[in-house]
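Visitor: Could you take me through the sheet in this one, slowly and strand by strand? I'd like to see how the pieces connect, and what the cysteines are up to.

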Amino acid sequence: MKTLNEGDTKTVACNTCELLQNATFQLRDVPFSDGSGLAKNILVGVCDTCNSVAVVPHQSTPDIKKQFVSN
């Protein structure tokens, strides 16, 4: 598995744009899908066109899980 870093770029399928777009990996606060709170400072791929979170790399999963359980 390739480790991604802040500032790395990748082509991803953006659900908002409904197109393949370039994404830049950034640290962001991301809401949990059930609306119960936020996962803070998570590395995510942000669409360069619409600025929405387009992808969450596997390496961010443990951080999200830890914050979800403690929420």
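Guide: Let's settle one term before we start: two strands count as paired if DSSP finds at least two bridges between them. Keep in mind, too, that this is a predicted model.

That cut-off comes up right away at the far end of the sheet, where β3 and β4 are joined by two bridges and run antiparallel. In this pair, G45 has V55 in β4 as its bridge partner. The two strands make a hairpin with five residues between them, and N51 in the turn has a positive phi of about 70 degrees.

Now step back to the whole sheet. It is open, built from four strands in the order β1-β2-β3-β4, with antiparallel pairing. The edges are β1 and β4, the latter covering residues 53-55, and each of these pairs on one side only. From one strand to the next, the twist averages 60 degrees. As general background, strands of a sheet pair through backbone hydrogen bonds, either parallel or antiparallel.

Let's walk in from the other edge. Strand β1 takes up residues 9-14 and strand β2 residues 19-31; the two run antiparallel and are held together by six bridges. If you want landmarks in your viewer, find T11, which stands opposite N22 in β2, and A13, which faces L20 in β2. Here again the strands make a hairpin, this time with four residues between them, and E18 is the turn residue with a positive phi, about 60 degrees.

Next comes the pairing of β2 with β3. Strand β3 spans residues 38-47, and its antiparallel pairing with β2 runs over eight bridges. Two handy markers are R28, which stands opposite I42 in β3, and A23, whose bridge partner in β3 is C47. The hairpin between these strands has six residues in the middle, with G35 in the turn showing a positive phi of about 75 degrees. As for cover, β3 is mostly hidden, with seven of its 10 residues buried.

One side chain deserves a stop on the way. Q21 lies in strand β2, and its relative accessible area is 16%; the cut-off for buried is under 20%, so Q21 counts as buried. Leaving aside residues up to four places away in sequence, Q21 touches K10, T11, V12, C14, C47 and T49. With T49 there is also a polar contact of 3.2 Å between the side chains.

C47 has now turned up twice, as the bridge partner of A23 and as a neighbour of Q21, which brings us to the cysteines. A disulfide is a covalent bond between the sulfur atoms of two cysteines. A search of the whole structure finds zero of them. Take C17: its closest cysteine sulfur is that of C50, at 3.7 Å, whereas a disulfide needs the sulfurs within 2.5 Å, so this pair is too far apart for a bond. C47 is in no disulfide either, and its nearest cysteine sulfur also belongs to C50, 3.7 Å away. As for exposure, C47 is buried at 1% relative accessible area, while C17 counts as partly exposed at 22%.

Finally, here's how the sheet sits in the chain as a whole. The secondary structure comes to one helix and four strands, and from the N terminus on the elements run β-β-β-β-α. The radius of gyration is 12 Å, close to the 11 Å that the globule rule gives for 71 residues, so the chain is as compact as a globular protein of that length. Along its principal axes, the C-alpha trace spans about 35 × 25 × 15 Å. Of the 71 residues, 28% count as buried. And among contacts with a separation of 6 or more, 35% come from residues 24 or more positions apart.

Methods. Residues numbered from 1 in each chain as written. Predicted model: local features only at pLDDT ≥ 70, side-chain atom pairs only at ≥ 80, totals over all residues. Heavy atoms only, no water. Buried < 20%, exposed > 50% of the residue type's maximum accessible area, 1.4 Å probe, protein only. Polar contact = N/O pair within 3.5 Å; in protein donor to acceptor, adjacent residues only side chain to side chain. Contact = heavy atoms within 4.5 Å. Axes fitted to C-alpha atoms, helices over the stretch in contact; angles between N-to-C directions. Rg over C-alpha atoms; globule rule 2.2 N^0.38 Å.
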